[in-house]
Amino acid sequence: MKKCVTTITVLCCAVTTALAQDTTQTEMRQDSMTTTVAVQDTAVTVYESQSANQAREGEVYKIKAKLDIPLTAALTAWTLYGFTQAYDKETTPLAEIQRVNRNDLPRFDRWATKYYNEDAAKTSDLLFYGSMPLPFLLLADKEIRRDFGKITLLYLQAMSVTGTLYTGATTFVDRYRPYVYQYATGGVSEGDAREGNAKNSFFAGHAALVGTATFFTAKVYADYHPGSKWNKWMFTGAGLATATTAYLRHRGGRHFPSDIVLGTAVGVLSGILIPHWHKNKLFKNENMSLMPFTGRSHGLAFTYKLQ
């Protein structure tokens, strides 16, 4: 999990370079737009050319730099700090480890204490680190490659949202991993049971971050190619990768079922909702308008012009 800090740092550098490239491309598009301003009395009417409208409507995602960049930077900073705190916890006293009792656990989590498989945990690490660069494979698509800066920023934002929630949970909540409960029966060594990382069961970070990376990849591809036959396979692959990671973390004795369910939900929702919330919602029907109004009251005025 510590290598994830390096991954996020690399993403930060990529965002800086990519946004500069996207800004240049955006300025070139804007230069191609023609605007005619007609002034009559106090009314000003702005007519955009057809090419300008097409440029705006062709955008899949809208980025608000003044909001998205500071927000992503803040979440990334907390994530990087949170990792240092979550994986630098103090060793647990032996007397406390000797008092743990599986019967104190909720019934739906209790049965997970019988699993402890190092091979399963190592395999989950391979899936974890292998999924991190997946969104960058989308750059092989020429339509997505044009928005390299936006995609990189959105991916960093999705990962930082998941990372903030995960590191916040592990930093402020100490929950023993399932394998700690095997110490009493000799199933796990004293060193493994007492280490600080053994208190990071809540919640499942591997499942969360794999879910973010894979579902983000599937969602972005589907948004750029809404009618593609590959969309269902992309989401199916994302689901299989996330579910396999969750299962291996369970078999490895790293997380309880409740940890896995929560981690998976956080990861999948972050991977899907972050790009979804940034989709271009430009009205394409010129007969409709939605405008705010203020005065004695405040609200939104919806207007539809009959032809």
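Reader: Why is tyrosine 181 called buried or exposed in this predicted model?
Author: Tyrosine 181 has a relative accessible area of 17%. Buried means under 20%. Therefore tyrosine 181 counts as buried.

Reader: What makes tyrosine 181 and phenylalanine 256 an aromatic pair, and of which kind?
Author: Their rings are 6.1 Å centre to centre. The cut-off for a pair is 6.5 Å, so they pair. The planes stand at 75 degrees. Over 60 counts as edge-to-face, so that is the label.

Reader: Where in the chain do the two partners sit?
Author: Tyrosine 181 is in the loop between H8 and helix H9 (190-194). Phenylalanine 256 is in the loop between helix H11 (231-251) and helix H12 (257-277). They are 75 residues apart, so the pair links distant parts of the chain.

Reader: How do you know whether phenylalanine 256 is buried or exposed?
Author: Its relative accessibility is 0%. The limit is under 20%, so phenylalanine 256 is buried.

Reader: Why do tryptophan 111 and tyrosine 115 get the label edge-to-face?
Author: The angle between their planes is 85 degrees. Edge-to-face needs over 60, so the label holds. The centres lie 6.3 Å apart.

Reader: What accessibility class does each of tryptophan 111 and tyrosine 115 get, and why?
Author: Tryptophan 111 has 41%. That falls between 20% and 50%, so tryptophan 111 is partly exposed. Tyrosine 115 has 16%. That is under 20%, so tyrosine 115 is buried.

Reader: How do you know that the length of helix H10 agrees with its residue count?
Author: H10 covers residues 205-224, 20 in number. At 1.5 Å a residue, the expected span is 28 Å. The end C-alpha atoms are 29 Å apart, which agrees.

Reader: What makes H10 mostly covered?
Author: Of its 20 residues, 20 are buried.

Reader: Which elements give two or more residues to the largest nonpolar core?
Author: That core has 19 residues, including Phe216, Val220 and Tyr224. Helix H8 (148-172) and H10 are the elements that give two or more. H10 gives the most, with seven residues.

Reader: Why is threonine 170 called buried?
Author: Threonine 170 has a relative accessible area of 0%. Buried means under 20%, so the word applies. Threonine 170 sits in helix H8.

Reader: What makes the link from threonine 170 to threonine 167 a polar contact?
Author: The threonine 170 side chain reaches the backbone oxygen of threonine 167 at 3.3 Å. The cut-off is 3.5 Å, so the distance fits.

How values were computed: Residues numbered from 1 in each chain as written. Predicted model: local features only at pLDDT ≥ 70, side-chain atom pairs only at ≥ 80, totals over all residues. Heavy atoms only, no water. Helix = DSSP H or I, 4+ residues; strand = E, 2+ residues; numbered from the N terminus. Expected span 1.5 Å × (residues − 1). Buried < 20%, exposed > 50% of the residue type's maximum accessible area, 1.4 Å probe, protein only. Core = buried A, V, L, I, M, F, W, Y, C linked by side-chain atoms within 4.5 Å. Polar contact = N/O pair within 3.5 Å; in protein donor to acceptor, adjacent residues only side chain to side chain. Phe/Tyr/Trp six-rings, centres within 6.5 Å; stacked < 30°, edge-to-face > 60°.
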